[in-house]
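Here's a quick tour for anyone opening this one up for the first time. Take a look at the picture, then read on.

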Amino acid sequence: MTPLHDLLSIGWMWLVLVTELPDLLSAATQSTQDSLLADLIRVVSMRDYNTRVVIVGVATLGGAAGLVGSFTLLRKRALMGDALAHASTPGIAIAFIVATSLGGDGKSIPVLLAGASFTGLIGVAGILLIRNQTRLKEDAALGIVLSVFFGLGMALFGVIQQMQTGHAAGLEGFIFGMTASMQAADAQLIAAVSVIVIAGCLLLFKELQLLCFDEGFAGAQGYPVVVLDIILMAMIVLVTIVGLQAVGLILIIALLVIPAAAARFWTETMSRMIVCSAALGVTSSVIGGLASAMFPGLPSGAMIVLVCSVFFFVSMMLGTRRGVLIRLIRRRQLNRRIDRQHLLRAMYEQIERDQDAVDESLSHRKTPVSVAKLLSMRSWTLRRLERAIDRAVEDDLVRRSNGSCRLTGAGLTEAARLTRQHRLWEMYLITYAEVATANVDRDADAIEHVLAPEVIDQLEDLLDEQGTMIAVPVSPHDIAPEAEMENKTGGGEA
Amino acid sequence: MMASVQWAWSLDGWIILVGAFAAVSAALLGNFLVLRRMSMLGDAITHAVLPGIATAFFITQSRDSLTMFIGAVVVGILTAFFTEWIRNAGNVDEGASMGVVFTSLFALGLVLLVQTADNVDLDPYCVLYGAIELAPLDTMDFFGNEIPRAAVILGAVTLINILFVILFFKELRLTSFDPALATTMGYSAKLMHYALMVLVSVTAVASFESVGSILVVAMFVVPPATAYMLTDRLGIMILLSAIIAAASAISGHAMAITVPTWLGFGSTTTAGMIAVATGIIFLLAATFSPTHGVVVKAVRRQVLSMTILCDDIVAFLFRAEEIDHRTPTAEELQENLLATNRALKIALMLLRRSGELQAGTTSLHLTDTGRRRGQRLVRSHRLWEQYLVDRAGRETDRIHDQAERFEHFTDRELREQLAEQTDGPTEDPHGRPIPDEH
């Protein structure tokens, strides 16, 4: 499986980086006198045990979150992690209260995480119930569960603060994160959970993919849709809960949403998207973690998210599939093509009109058409028309001569083809879609630019078979003197 | 958190008033957020305003609340703007774009705050979780009276929101339900959207400064959602949401003071308890609402299916009598009607109790009342079949299922009309007699 392979290689590179780099760079550090540079190298090479622990922890978390996040994003549940993270606060409080009143350690991480998962799951169940059983939509369900559960959590924290037995200080770390104080045991926990989640995503890749794109089809194919949905939710719960402790409530939401949303700009393939998203998650976690280790004033969770946001912004602008720039360029190209097609057809029709009946002579294609006349044929601005003419001149389709322009040989061929296409579609609309003749020009206009050659063939066959007279398109091919034009004519004439 | 356990009007009165103002002002606007499916925006804005506060502090180096207020509102509006921009320009789904924007802004705010808070007391905890309990202590002079500042500010915001909703009711309704239609009618959907966003930001910032963000998020979503469960009319929904918001403010504070004392603690966070109170009201409404409640809908479904089952039993028995004058056994009944054993048992019990089946025996004999009901049903069924063939031009072999469905909802008047339309037939298309009306 491709994603598995890619992920493995990324993981391998990562392992090499963590284990080898410190040794490679240690020599350099020893000889360096400059303390800032030494700092930099010390941090980047992760020679501090603590830094290494933190980085490994957040990096695996980033990878797992990026992976799960892609599925939730495609399921249009990006904010599920948000609601879940909030819904886990009462669980943390309850776990603390129960553990302390039983005489245990209230701040034991596994206990708190168990509590968080418990109410987190109740929250998910609440969201699904509200969405499926009432007429409220998903967003309202998320909002209700999020705020009510978090309110309950706050109220419970209010109670905890009065408890004599255990002091609650540090519990708010769950809200803002306490990355810097991450222990080796925490990192191990995060790594273990992340590996479970990553393995789950890869093993169920096909099923989850189907679930994301076509739930109904997945159900019809016999996949247990509800079970898969629950598994996906459970994985979100796992990532959210361990992330809660590592980077804080708000920032785990970012790790679940941003890398996946950024990856979406680069690819249309699911397997590439999850790899890309996981890689983005890992990379931003590492960079953010290192940045905060270097400058002690910067909270690491926030830095990770900011790096994520930068990646997102860059992806949104430059993404090769759905990026803003690429879409802008594509749209411009389409507009230009349409303008050129309009220009050529307008010229052809103008010549046709002037010549009354198109004769066999070559002379008619030399007929110049004035720009003013072209301008009046469509509702386009002079500027737009001039530009279209300029581009057509560049492509040797049209020649310009003071105030008017005429078609070249290639231009005439193209113009004839376009006019034919347009009229074929008009005929089709009149015959089969029963569009009124007066409206047909506009309707055909909307679609002629995107007609594929096969569609044209089909149109010809269809109109031919039914014995429809294609009165209009006879002209271009009969009159065309060039031999190659006859090849293109095919069985078009009826 | 230090509120007294004893109820004191001078203190608790103000807390409730401030909470009610915050709740009502947010709930008023929340109606439109819920209808526009933007419920999470309140959550996004309250988190995102952190950098605004930090920047305002950065620039002015003071904790002057007006500058911070302006900074926060500006960033709140930017949140809505960025969300919209990423959604449109990047073609990203709304939830995701919101998630990207508010987490990024929150992170930025945290970094900024850490830079500034080293020398001054500006605690993100305090910024996000303003304490409503302390509201009465921060007073200002208002026409000669000492009034809590929060009450004045939130009162003003509530007034603005009420005026906004009343003055632009038509525009808000149109743009919320059908933005395209609104635009063609000359109301700018975009303008209303941003006006709403500005007010949402102002309300969110004004409220969470004094009562905490969690209350704002809850009040934007839960009371309107509750009202939405109770009514179909927008005007009533808005009114209801305001009442629910105020009610949860009162009950929330009461709960915050009383509930923990049952367990031997002092009072707890009022804001949190208000959110819990409104959650409880929502739960009640979602379950028991007479129109859209889960329980009511389920009961109604059960009653309907039971009525239909009873109809089917009576009609089946009537047909059996008609054909060969015998009473079918319970097994035959179950085989033909495909009902579960339990449902059948309940239906038979209901029929015996209403006197449509002969009581006191296990065999299935219709009483006269029961026979009349069967007659009505069979008449409806056959009239419908006749009508479908005569008037709707259906094939004879396709009409049974439809007639089977219609027969349960056909009253006497409709039967007469059907008979009239089909020229008072005596036989249905299958050649079976149509019983008379009695």
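One term before we start: two strands count as paired if DSSP finds at least two bridges between them. By that test, strand S1 (residues 139–142) and strand S2 (residues 145–148) of chain B pair in the antiparallel sense, over four bridges. Keep in mind that what you're looking at is a predicted model. Its overall scores are ipTM 0.83 and pTM 0.78.

**Chain B at a glance**

- Chain B's secondary structure comes to 19 helices and two strands.
- With a radius of gyration of 32 Å, well over the 22 Å that the globule rule gives for 438 residues, chain B is more spread out than a compact globule.
- Measured out along its principal axes, the C-alpha trace of chain B spans about 100 × 60 × 40 Å.
- The domain assignment splits chain B into domain 1 (9–292) and domain 2 (297–421), and the C-alpha centres of these two domains of chain B lie 55 Å apart.
- Of the 438 residues in chain B, 46% are buried.
- Take the contacts in chain B with a separation of 6 or more: 67% of them come from residues 24 or more positions apart.

**The hairpin in chain B**

- S1(B) and S2(B), the pair we started with, form a hairpin with two residues between them.
- B:Phe143 sits in the turn and has a positive phi of about 50°.
- Which residue of S2(B) is the bridge partner of B:Phe142? That's B:Asn145.

**Where the chains meet**

- The interface brings 54 residues of chain B into contact with 48 residues of chain A.
- Seven helices are listed as giving two or more residues to chain B's side, including helix H2 (41–48), helix H4 (65–89) and helix H12 (234–262) of chain B.
- Helix H5 (94–117) of chain B is also among those contributors, and H5(B) gives the most, with 14 residues.
- What is that side of chain B made of: how many nonpolar, polar and charged residues? The split is 36 nonpolar, 15 polar and three charged.
- H2(B), one of the contributing helices, is mostly covered, with eight of its eight residues buried. Among them are B:Leu41, B:Asp43, B:Ile45 and B:His47.

**A closer look at B:Met197**

- B:Met197 lies in helix H10 (residues 189–211) of chain B.
- Is B:Met197 buried or exposed? It has 23 other C-beta atoms within 10 Å, and 20 or more is enough to count, so B:Met197 is buried.
- Leaving out residues up to four places away in sequence, B:Met197 touches B:Ile77 and B:Ala80.
- B:Val378 is another story: it is 181 residues from B:Met197 along the chain, and their C-alpha atoms are separated by 60 Å.

**The sheet in chain A**

- Three strands of chain A form an open sheet in the order S1-S3-S2, with antiparallel pairing.
- Strand S1 (369–370) and strand S2 (398–401) of chain A stand at the edges with a single partner strand each, so one side of each has no neighbour in the sheet.
- S1(A) pairs with strand S3 (residues 404–407) of chain A over two bridges, and A:Val369 has A:Cys405 as its bridge partner.
- S2(A) and S3(A) pair over four bridges; here A:Arg399 is matched with its bridge partner A:Arg406.
- S2(A) and S3(A) also form a hairpin with two residues between them, and A:Gly403 in the turn has a positive phi of about 80°.
- Side chains alternate along S3(A): A:Cys405 and A:Leu407 point to one face and are buried, while A:Ser404 and A:Arg406 point to the other and are not.

**How far to trust it**

- Chain A averages a pLDDT of 78, with 77% of the residues scoring at least 70.
- Chain B has a mean pLDDT of 83, and 93% of its residues reach 70 or more.
- In chain A, confidence is lowest in helix H24 (residues 483–489), at a mean of 43, and highest in helix H15 (residues 300–318), at 91.
- In chain B, the lowest confidence is in H6(B), at a mean of 55, and the highest in H13(B), at 92.
- Residues 468–494 of chain A stay under 50 in pLDDT, and so do residues 1–5 of chain B.
- Where pLDDT is low, the predicted coordinates should not be read in detail.

Note on methods: Residues numbered from 1 in each chain as written. Chains lettered and ligands numbered in written order. Contact = placed C-beta atoms within 7 Å. Nonpolar A, V, L, I, M, F, W, Y, C, P; charged D, E, K, R; others polar. Buried ≥ 20, exposed ≤ 12 C-beta atoms within 10 Å, placed from the backbone. Domains from an automatic or database assignment. Rg over C-alpha atoms; globule rule 2.2 N^0.38 Å. pLDDT = per-residue confidence, 0-100.
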